[in-house]
Amino acid sequence: QVQLAESGGGSVQAGGSLSLSCVLSGNVGIIDCAGWFRQVPGKEREGVATLNYGGESTYYDDSVKGRFTISQDNAKNTMTLQMNSLKAEDAAMYYCAARDSLCGGHYSLSEAAAFDYWGQGSQVTVSS
């Protein structure tokens, strides 16, 4: 089993920045792909960014490309999402997620159901 614990998030004005962190614990060695998803009430969970855990490949949704950066610190089993130039439409509950299969490219962003492990969620509020 793998556990994910999130921290960060909060409220910010449009144009500001926030950072989310996710600490992975347990049998982390089985994880091949991890990332961040977000969800607003009434909508499906959508992929924001994913990465091959322990590798170098990263994938971003077009809506956040150039503004968000996903990174990992394997020594600390931590994954971070740095969010800059935030917009009102970025407001959502953000979840970190992980799975024991490779991301396989950008398609991983639309495969929320394929992720086995999830964090508790962190609220991001952006005021315009």
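From the N terminus on, the elements of the protein chain run β-β-β-β-β-β-β-β-β-β-β. The count is 0 helices and 11 strands. This is a predicted model. The radius of gyration is 13 Å, close to the 14 Å that the globule rule gives for 128 residues, so the chain is as compact as a globular protein of that length. Along its principal axes, the C-alpha trace spans about 40 × 25 × 25 Å. Buried residues account for 43% of the 128 residues. The accessible surface comes to about 6,200 Å². Carbon and sulfur atoms hold 46% of that surface. Contacts also reach along the chain. Among those between residues at least 6 apart in sequence, 60% join residues at least 24 apart.

Turn next to the sheet. Four strands form an open sheet in the order 1-3-8-7, with antiparallel pairing. Strand 1 and strand 7 stand at the edges, and each has a single partner strand, so one side of each is left without a neighbour in the sheet. Neighbouring strands of this sheet are turned by 15 degrees against each other on average, direction ignored.

Take the pairings one at a time. Strand 1 and strand 3 run antiparallel and are joined by 7 bridges. Here Leu4 stands opposite Leu24 in strand 3. Strand 7 covers residues 68-73 and strand 8 covers residues 78-83. These two pair in the antiparallel sense over 6 bridges. Gln72 has Met79 of strand 8 as its bridge partner. The hairpin of strand 7 and strand 8 has 4 residues between the strands. In this hairpin, Asn77 takes a positive phi near 50 degrees.

Now look inside. In soluble globular proteins, nonpolar side chains tend to be buried together. The largest nonpolar core here has 30 residues. Which of them touch the most other members? They are Trp36, Leu81, Met83 and Tyr94. Many strands contribute to this core: strand 1 (2-8), strand 3 (18-26), strand 4 (33-39), strand 5 (46-52), strand 7, strand 8, strand 9 (92-99) and strand 11 (122-127) each supply at least two residues. Apart from it lies another core, of 8 residues. Among its members are Phe37, Tyr59, Ala97 and Cys103.

Met83 gives a view of the larger core's surroundings. Leave aside its neighbours within four places in sequence. Met83 is then in contact with Gly16, Ser17, Leu18, Leu20, Arg67, Phe68, Tyr94 and Val124. Tyr94 is thus a contact of Met83, and Tyr94 is also listed with Met83 among the residues that touch the most other core members.

Two more residues are worth a stop. Asn52 lies in strand 5. Is Asn52 buried or exposed? Its relative accessible area is 14%, and the cut-off for buried is under 20%, so Asn52 is buried. Not counting residues up to four places away in sequence, Asn52 touches Asp32, Ser57, Tyr59, Gln72, Leu102, Cys103 and Gly104. Tyr59 and Cys103 in that list are members of the 8-residue core.

Gly54 is found in the loop between strand 5 and strand 6 (58-60). Gly54 has a relative accessible area of 54%, and exposed means over 50%, so Gly54 counts as exposed. With residues up to four places away left out, Gly54 touches Gln72 and Asn74. Gln72 is also touched by Asn52. The C-alpha atoms of Gly54 and Ala34 are separated by 9.7 Å. Along the chain, Gly54 and Ala34 are 20 residues apart.

Notes. Residues are numbered from 1 along each chain as its sequence is written. This is a predicted model: local features need pLDDT of at least 70, side-chain atom pairs count only at pLDDT 80 or more; totals for chains, interfaces and linings use all residues. Side-chain values use heavy atoms; hydrogens and water are left out. Two strands pair if DSSP finds at least two bridges between them. A nonpolar core is a set of buried Ala, Val, Leu, Ile, Met, Phe, Trp, Tyr and Cys residues joined through side-chain atoms within 4.5 Å. Buried means under 20% relative accessible area, exposed over 50%, partly exposed in between (1.4 Å probe, protein chains only). Contact means heavy atoms within 4.5 Å. Axes are lines fitted to C-alpha atoms, for helices over the stretch in contact, and angles run from 0 to 180 degrees between N-to-C directions. The radius of gyration is taken over C-alpha atoms; the globule rule is 2.2 Å times the number of residues to the power 0.38. Accessible areas come from the Shrake-Rupley method with a 1.4 Å probe; for residues, only the protein chains shown count as cover.
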